[in-house]
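Here's a quick briefing to read with the structure open beside you. It goes topic by topic, so feel free to jump around.

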Amino acid sequence: MVDSNQKSTSTPAQTGSIKQSSTVTRRRLLHGSAALAGSVAGASVLGSAAASGGAIRRPAPFNLIRQDPAELVFTYWGSPQEQEAVAQMTEGFNAEHPDITVRPQYVANDGYSEKMTTMLAGGNPPDLAYMGADMAFQWALDGQTLDLSPWVEDDPETPTLLDGTTYRYDDGTKVLSTSLAISNTLLYYNKPLFEEAEIEAPPVDAASAWTWDEFVEVCKLLTKDRDGRNATDPDFNAENIDVYGVAANLEFGPVYMPLIWSNGGDYALDGATEFGLNKPEAVEVFQRLQDLIYVHHVAPTPAQSSSLPSSDVLMRTGKLAMDINGMWKVLDYSQSEELEWGMGVLPMFKEPHTSRFGIPLIVSSACEYPDQAYEFYRWRYSPERIDLYEQGLWMPIQSSYYTEEDKISQWIDPDVFPQEARQVLVDYTLNYATKQMPEYYVKNMAAIQNEAVEPALSAIAANEGTAQELLDQAAETAQPLMQGSYLA
Amino acid sequence: MSSTADLQTATVPTRKRRRWISSEAMWGLICVSPAILGFLLWDIGPMIASIVLSFSDWSVTGTTSWIGTENFQRLFGDDALFRQSAQVTLTYAFVSVPLQIIVAMALALLLNEKVKGLPIFRTIFYVPSTVPLIASSMIWLWMYNPDFGLFNAVLNFFGLPEQQWIFSSDTVVLSLIIMSLWSIGPMMIIFLAGLTAIPQHLYDAVSVDGGNVFNRLWTVTIPMLTPTILFNLVLSVITSLQTFTQAYVMTDGGPGNASLFYGLYLYRTAFQQGEFGYAASLAVVQFAVIVVLSLLVFRTSSRWVHYGGDT
């Protein structure tokens, strides 16, 4: 793409030459420079699609860096803390394995997939890499990732992994990846605001989860306008809200999927051949989420959210009472010393449910040392080898870290996690995270999301129609894109 | 041939044999060669690659097949997002380009007057253009905030109803059109340069004939500025048809697909869905539209562009 600013910078100089020229030259210059600008702009447009190279598929290049010991390039994203923790993890691995050197290659979150694509197009993909599910499955189907099934099936550690943390494709016969780590979805809350309103803290036991109506009632009691009236007060001024009851991003899968499951619905039905979000169970969830914003006025609109700070800052400043978010947010909440926060289970519709999702860690099919890559792959399972578990960013994928007390205490650090983490993270995940997120089994998910779901959800969030109307429109686009499941 | 050469030699005995290129031209070419090479390698090269790839299903990861015109059939057939993004982009271009030209010209006329502090005013109007588009997008995101943004505060002040601006599908494109005026500084400078090149005697002639300000504008300024208008028109048509950053940063194509600009759709198709072949066909169509519109402007320019004394 040609940035308008880039183009603008060249034009005054061209004008300078126009001024000094004769009129005949001036005409030519004007025509010429505009035509040249047109050509360059056009070329840039075209270049945008081709700039990542014309390579179609190339064999792995001879890598001069790779010598004994086996060197593996490991590409990953993350915050500065994650960057440092992963670098430390690889140092630990390298120290224990003198015959293998893992070289961490950090890439910023923005543009990560573009850089991965470019590396592949250039014939130099990393040996191991974090990868978004859409891209990972596409790479796997095209043979760019190693089918890990021979290693995973031989690994005595595999049966100890939580259900659903091994991502499969090709009718479930091949293994794309095991999850890097996992997270669930939960309800964070602001203790002082609950105490001030004399409301009991959110339930930590899934069996006692609030119903949606109970949750809405609590949200109303905690939402206040600038005159201190809460949202149950007939004089409540919805145009002038000071404290929001809840932040719940209805466009974010980890927020809406557990609620849809809780209501008996799903993203895709019938072997992922049928679009599920316009079914009554899902529609009800989106409508209720939309109502939080526009009917009950207890959650910020997208416009308000766009200019508000993050939820942990809002809580610290007393402007937010509850936040439906992923477990990784513990890292932010725990680092805010002035904030007294806690956690609870999500409200439910028909039955309690949370999510369980993670990031695929792929091994490239061009990797020259697959055995060594898998050695690193399984080494990073254990929370004692990387700080990100006890810092509150990751949850383990091995079931023993949810069932054995000594192992639970290895990652639930009482200095970081609140007391109720034992129920809300450990028990809740173990017993109520039973469904797979759609990106791990629905084929053609990127197109379904881009072309149908995301436009509909942004319109629901902007109150441009009812959930039923907008999701029915989405279904018309999505249904032809449904191509079944990676699992069967 | 040899007889002609002999004749030339005979008739002009003192003339040295011409080198195929003069020393001056050679040095000129050497000096501009980096730019020429850059253009060939980084513009023409990808351009040709893109045209070739538009006839394939290239996805970077998988094997590639040549699929003829299948991409173009899909594009003009059942791709609703192609139509939506084209409509959004063309609406934006057809409204924002004339608006930008009119406002930039009006500002240039004002800033061409001999008033005190003129350089300061010129700087003030140019400075927004120096702000990177990402940064200005963030600023405008705040100004468009329906709750505490500047625009709704102004509407409130005049007792007018508040708007949702970029947060409503009804007003999002209009909001981005208004925002496009933020970066008209360079266009304004070009108009200013054009204005300073207009000979004073033409204005004197209008004054002698009893003409007023409007006559000066209509009979001298605008006709003499038409070459500059042509230049700005072509450039801004191209720029507006390639709008990407504002939609990417501020709206992500939403709400719904109300601000799904063509460039954003192309980007998503390539980098989020991995359909590089199809994205290349989108780029080829965009290129063709830009070329056609540019040619249209050039072809009609002889009817309305006035090159001073050269006609």
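Let's start with a helix pair in chain B: helix α5 (residues 118–130) and helix α9 (residues 185–196) pack with their axes 8 Å apart, at an angle of about 135°. Keep in mind throughout that this is a predicted model.

**The α5/α9 pair in chain B**

- How do α5(B) and α9(B) sit relative to each other? With angles over 145° counting as roughly antiparallel and 65 to 115 as roughly perpendicular, α5(B) and α9(B) are therefore oblique.
- On the α5(B) side, the contact uses Phe125(B), Tyr126(B), Pro128(B) and Ser129(B). The α9(B) side brings Gly185(B), Pro186(B), Met188(B) and Ile189(B).
- Sorted by class, the residues in this contact of α5(B) with α9(B) are 6 nonpolar and 2 polar, with no charged ones.

**Chain B as a whole**

- Chain B has 14 helices and 0 strands, so if you're looking for sheets, go to chain A, where 5 strands form one open sheet and 6 strands form another.
- The domain assignment splits chain B into domain 1 (20–53) and domain 2 (68–310). The C-alpha centres of these two domains of chain B are 30 Å apart.
- What radius of gyration does chain B have, next to a compact globule of 311 residues? Chain B comes out at 26 Å, while the globule would be near 19 Å.
- The C-alpha trace of chain B covers about 85 × 70 × 35 Å along its principal axes.
- One backbone spot to click on is the peptide bond from Gly254(B) to Pro255(B), which is cis, with omega near -5°. You'll find Pro255(B) in the loop between α12 (245–251) and α13 (262–272) of chain B.

**Domains of chain A**

- In chain A, the assignment gives domain 1 as 70–184 + 358–432 and domain 2 as 185–355 + 442–479. Taken over C-alpha atoms, the centres of these domains of chain A are separated by 29 Å.
- Where the two domains of chain A touch, domain 1 puts in 19 residues and domain 2 puts in 21 residues.
- Which element gives the largest share of the domain 1 side in chain A? That's helix α17 (residues 421–432) of chain A, with 8 residues.
- By class, the domain 1 side of this contact in chain A holds 10 nonpolar, 7 polar and 2 charged residues.

**The six-stranded sheet of chain A**

- This open sheet of 6 strands in chain A has the order β2-β1-β3-β13-β5-β4, with mixed pairing.
- Why do β2 (100–106) and β4 (166–169) of chain A each have one side without a neighbour in the sheet? They stand at the edges with a single partner strand each, so one side of each is left free of a neighbour.
- On average, neighbouring strands of this sheet are turned by 25° against each other, ignoring direction.
- β4(A) runs antiparallel to strand β5 (residues 174–183) of chain A, and 4 bridges join them. Within β5(A), Val175(A) stands opposite Arg168(A), and Lys174(A) is the bridge partner of Tyr169(A).
- The hairpin of β4(A) and β5(A) has 4 residues between the strands, and Asp170(A) there takes a positive phi near 55°.
- Helix α3 (residues 80–96) of chain A lies across β1 (70–76) and β2 of chain A, running at about 170° to β2(A).

**The five-stranded sheet of chain A**

- Here 5 strands of chain A form an open sheet, in the order β7-β8-β11-β6-β12, and the pairing is again mixed.
- The edge strands are β7 (224–225) and β12 (341–344) of chain A; each has a single partner strand, so one side of each lacks a neighbour in the sheet.
- β7(A) pairs with strand β8 (residues 241–247) of chain A in the antiparallel sense, over 2 bridges. Asp225(A) has Ile241(A) as its bridge partner in β8(A).

**One more backbone spot in chain A**

- Most residues other than glycine have a negative phi. Glu198(A) has a positive one, near 55°.
- Glu198(A) is in the loop between α7 (191–196) and α8 (212–222) of chain A.

How values were computed. Residues numbered from 1 in each chain as written. Chains lettered and ligands numbered in written order. Predicted model: local features only at pLDDT ≥ 70, side-chain atom pairs only at ≥ 80, totals over all residues. Domains from an automatic or database assignment. Contact = placed C-beta atoms within 7 Å. Nonpolar A, V, L, I, M, F, W, Y, C, P; charged D, E, K, R; others polar. Pairing = 2+ DSSP bridges. Axes fitted to C-alpha atoms, helices over the stretch in contact; angles between N-to-C directions. Parallel < 35°, antiparallel > 145°, perpendicular 65-115°, else oblique. Rg over C-alpha atoms; globule rule 2.2 N^0.38 Å.
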